[in-house]
Amino acid sequence: MAAMLSTTTIGFPRIGNQRQLKFAMESYFKGDSGEAELLAVAHKVQSDAWALQKAAGIAVIGLDGTLYDQVLDTITWLGAIPPRFKHLSGLQRYYAMARGGAALDMSKFFDTNYHYLVPELGPDVLGPATAAGAPLQPDFSGPLDKLARGQAVVGRERAVPILIGPVTFVSLSRGCELPLDQAVARLLPTYCALLQQLAAAGAPEVQLHEPVLATSEGAGMRAEFETAYAQMAQAAGSVPLHLVTYYDDLGAAYPWAVQLPVAAVTLDFLGPPGAAVPSQTLALLQQHGFPADKRLGAGVVDGRSVWKDDGTAVALLRALLDTGAVSSDRLVVTSSAPLQHLPYDLGLELEAPKTPEAEPHLPPALAARLGFAKQKVEEIVSVARLAASPAAAAAAAGHGAVVQLQRLQQGKGVEDHTADIPAEWFSRPKPYDVRREQQLQLPAFPTTTIGSFPQTAEVRRLRQQLKSGRLTQAEYEGLIAGHIAHAVGVQEALGIDVLVHGEAERTDMVEYFGMQLGGMLFTRAGWVQSYGSRCVRPPLVVDDITYRGPMTCWEYKVASAYTRKPVKGMLTGPVTILNWSFPRKDISRAAQAMQLGLALRQEVAALEAAGCTIIQVDDPALREGLPLKRERWASYLSWAVDAFRLCTGVAAAGTQVVTHLCYSDFQDILPAIDRMDADVLTIENSRSDNAMMAALAAAGYGRDIGPGVYDVHSPVVPSVEFIKSRIRSFVDSGILSGRYDRIWVNPDCGLKTRGWPETIAALRNMVEAAAQARAEL
Ligand code: GLN
Ligand code: ZN
C-alpha cells in the first residue's frame, strides 16, 4: 500500500484570513480605491489560500476564490447577462449584478447560510423557445486567468479549476421558461468551449460541482446529467472531469450518478452535522459498488463542522477500503463539503487578545478539539497518511469514531431527545380557541411592529464604547434606556396598539442570546462569508446549553415603565439560534434544540413573572434548516417544532405567544407552521403578492395572523392607500372569516436597517390605513 492516500481540496474560505477582501470591496464600493487595488487584494487572498493548501501537502488543489460569489462568476463567464446590465462591462457590470437597486436576487445556497446571486435565465438571456442556440456573451478571461495564477502558485500539475456544473447552475436560476434539459443544452456549447480552453491551458483535471445531486429534485435529473456529461467529457478530451457533490449523500441518484462519464466522483460521507438521518454514502457504496475505472473523492473530513475529526474519517476510509469496491490508489481524501462555510484559521483565536477584558477567550482544552478551514486542510493530509496504514488507523479510531461509524453504516437516526421531558411541557395549557378569549382583546386590524427600530450609528457607537471601556455598564444601560424610551414614545405618538422596546441593546438576534446562555462560545475572528462582502461570526455550541438567568426582562421592564400599552417580550427561538450557530457533533442537533427550548422556556416564564402578557418568539430560520431530501423533512420538522413548543408551552393561557417567520414561502410546510400553535403568526408577505396568505386561507389556518403590509428592505414610504389595499386583500382572502380583530397590521420584518424619518413616516401611514380600514368595515 502507498505511504499515503492522495488528497484534494474542493473549496476554501474566499475572504482572507483577516477579511482582507471584504475591506477591499467596501473601499472599492465607496470609491476610495480603484479596480487595480481591489484586484491586487483579491489575487493575494487567493494565492495565499492556494499556497497554504500546497504547504499543508495537498496533492491537487481546487482553485477556489471569487470577487463576490461563485454563481455570479459563472453567470459572467457564461455571459448569461440579463439585458439591463448589457450596457455595462467588466467589474462595473459584475458588481451592478451583485448590489444596488437593479441587482440580481439573493437566495440561500442549498441548506447553508451562504447567499448566492440568482441567475436569471429568461428568454432574454437563453433565447426564445423556438431558437436554437443561446445569445450568450461568454468571457473566459476570469477562469483562464485564475488557472494561470493558480499554476504559478502551486504548479501546473496541482492547479485544478472549479466550475459550477451546468445542471446545478440552471437549477439555481429563476425565470427560465425552457424545460431543464433544453436550458442545459443552451449552455453546453459554452461549457464545452471553456473546458477545451482549460485543457489547452494545462489543467490536469476540472472539478464540476453539482450539489443539486444531493437534493430530492436532483434524483430526477438523470437524463439531463447524462446528456450534459457525455458532451462535456467529449469536449474535454484527455482532461479528466471530476464530478464533485456535497451537502449530503446522493440517495436515489447514486446508482446512475457514479456511472456518469467522468474520471472521478467526490461524495459526501458525512452530511450536515447532527442531522437526524446521517449520510448514507457508505451504505450506498456497499450496496451498489463503485465503478472500477473511476477515482473516488472521499469527503470524510467534515467540511461543515468546526470540530476536529474524532477518528471517524480514518475509520470511514478503512471501511471503504474493506468493501473492496475501491482500491487505495483510486481513493482521494477530501472534505465533505467546500471549506468556504468555515472560519479561516483557528490559530487566530489563540493569539494574545488586544483588549483582554472584552475579547472572547478560547480555553486551550477546547481549542484542541476545534479546527477551522486551515486545520481541516491539514486534517485531510493527516487522515490520508493515517488511513494508509492499517495499524495506525486502528489506533486512531477512538470510541467516538466507532459510534459515529456505526451510525453512518447502519443509517441509524438520532437518540430520542425528548425522553426525559414531560409530554405536557410541549403544549400550551389550553387550546387556542379557549386561551385566545383570555388574551388581550383589541379592535379590528390591531397594529404592531416586528421588534427592532433603527440601529443608528449612535446606538452602535454605544456598544463600542462599552466594549472599549469608555462607558461603564451603568452608563451604557442608562443610554440604552434612553433609546428604549424614545422608541416607546414614538410608538405612543403614532398610536400603535402593541409596542416593542426596539432592540437597541442587540447587535444580532442570535449573538445577544448566545452571549447570555451557558454552553455557547463566541470567537474573535471566526468570520464566515454570508454573501459578497458580508461576513458573520456564528457562535459555537460547545457544551450543554444552560439558562443562566433573565436575558430580556430588563428591556421589557424599561419599556413598559414608559407606557400603559402592552409591550411585547422579544426572544429568538431555539431553531434559529441553532441554525445560525455551529452545533456540537457529539449529540444530535435535535438534542441541542431541546436544550435551547428548555433554556428559552425559562425566559418565557421570567418575562411572564415580570408582567409581560405578549411574548414574541422569532424563529425565522425554521425553514432554512430543512434537509435537502424531502423524505427527511418530517423528522426535522418534528424536532424543530417540538423545540419551539417546548419554549412557548410554558406560557399561561392568557399570555399571547407571537411568532415571526421572515421569508414567506411556507406553503409546503403549513402543517408544521400550524403545529407551532402560536397565537399570532407574523410573516413577511409584501413581496410575495399574498401567496402565503392565500395558502393559509386555503388550508383553513385559524389563528391570529400578521401579514407584513410593507417591505422593510426599501426606504420608500408606503402610502396610506397602498397599505389599505393590502389590508383589504387580506380581508378578501377570506382568512379568519370576519374575525378582523385577529388580522394584525405590521411591517414585513424588523426595522433595524432603516432610518428614523422613513420609519416614522411609514408607520404613521400604517396606523392611518388600519384606522381607515377599521372605519370602513
Ligand atoms: N425581532 C427581530 C427584529 O425585528 C426579528 C428579525 C428577523 O426576523 N430576522 O429585528
Ligand atoms: Zn423577519
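What share of the chain over residues 7-314 is helix, what share is strand, and how far apart are the end C-alpha atoms? Select residues 7-314 to begin. Over this stretch the chain is 41% helix and 12% strand, and its end C-alpha atoms lie 13 Å apart. UniProt, in an unreviewed entry, lists these residues as "domain: Cobalamin-independent methionine synthase MetE N-terminal". Keep in mind throughout that the model is predicted.

**Stop 1: the sheet of 8 strands**

Show the strands as arrows. Strands of a sheet pair through backbone hydrogen bonds, in either a parallel or an antiparallel way. In the open sheet of 8 strands, the order is 1-10-9-8-7-6-5-2 and the pairing is parallel. Its edges are strand 1 (6-7) and strand 2 (61-63), each of which pairs on one side only.

Now select strand 8, residues 264-268. How many of the residues of strand 8 are buried? The count is 4 of 5, and the strand is mostly covered. Add strand 7 (residues 241-244), which runs parallel to strand 8 and is joined to it by 3 bridges. To see one of the pairings, pick Val244, whose bridge partner in strand 8 is Thr266.

Then add strand 9, residues 295-301, which pairs with strand 8 in the parallel sense over 5 bridges. Label two residues of strand 8 and look across. Leu267 is opposite Ala298 of strand 9, and Asp268 is opposite Gly299 of strand 9.

Select helix 15, residues 373-387, next. This helix lies across strand 1, strand 9 and strand 10 (331-335). Relative to strand 10, helix 15 runs at about 155°.

**Stop 2: helix 3**

Move to residues 70-78, which form helix 3. Which residues of helix 3 are buried? They are Gln70, Val71, Leu72, Asp73, Thr74, Ile75, Thr76 and Leu78. That makes 8 of its 9 residues, so by this count the helix is mostly covered.

To see what surrounds them, show the partners. The buried residues of helix 3 pack against four helices and two strands, among them helix 4 (90-98), helix 6 (141-154), helix 7 (166-171) and helix 8 (180-200). Strand 4 (115-117) and strand 5 (159-164) are also in the list. Before leaving, select Gly79, just after helix 3, where phi is positive at about 75°.

**Stop 3: Leu282**

Select Leu282, which is found in helix 11 (residues 281-288). Why does Leu282 count as buried? The cut-off is 20 or more other C-beta atoms within 10 Å. Leu282 has 24 other C-beta atoms within that distance, and therefore it is buried. Now add Thr323 and draw a line between the two C-alpha atoms. Leu282 and Thr323 are 41 residues apart in sequence, and their C-alpha atoms are 9.4 Å apart in space.

**Stop 4: the sheet of 5 strands**

Go on to the open sheet made by 5 strands, in the order 15-16-17-18-19 with parallel pairing. Strand 15 and strand 19 (704-707) are at the edges, and each pairs on one side only. From one strand to the next, the twist averages 20°.

Select strand 17, residues 656-661. Are the residues of strand 17 buried or exposed? Here 6 of 6 are buried. Turn the strand to view each face: Gln656, Val658 and His660 are buried on one side, and Val657, Thr659 and Leu661 on the other.

Add strand 16 (residues 614-618), which pairs with strand 17 in the parallel sense over 5 bridges. Label Ile614, whose bridge partner in strand 17 is Gln656. Then label Ile615, which is opposite Val657 in strand 17.

**Stop 5: helix 22**

Select residues 553-561, which are helix 22. Its buried residues are Glu555, Tyr556, Val558, Ala559 and Ser560. What covers these residues includes helix 20 (473-494), strand 15 (568-572) and helix 24 (589-609).

**Stop 6: ligand 1**

Finish at ligand 1, and show the 13 residues around it. Which of them come nearest? Ile450, Gly451, Ser452, Pro620 and Gly750 do. By class, the shell has 6 nonpolar, 4 polar and 3 charged residues.

Notes
Residues numbered from 1 in each chain as written. Chains lettered and ligands numbered in written order. Predicted model: local features only at pLDDT ≥ 70, side-chain atom pairs only at ≥ 80, totals over all residues. Near = placed C-beta within 6 Å. Nonpolar A, V, L, I, M, F, W, Y, C, P; charged D, E, K, R; others polar. UniProt positions renumbered as here; feature names shortened; annotations may be inferred. Pairing = 2+ DSSP bridges. Contact = placed C-beta atoms within 7 Å. Axes fitted to C-alpha atoms, helices over the stretch in contact; angles between N-to-C directions. Buried ≥ 20, exposed ≤ 12 C-beta atoms within 10 Å, placed from the backbone.
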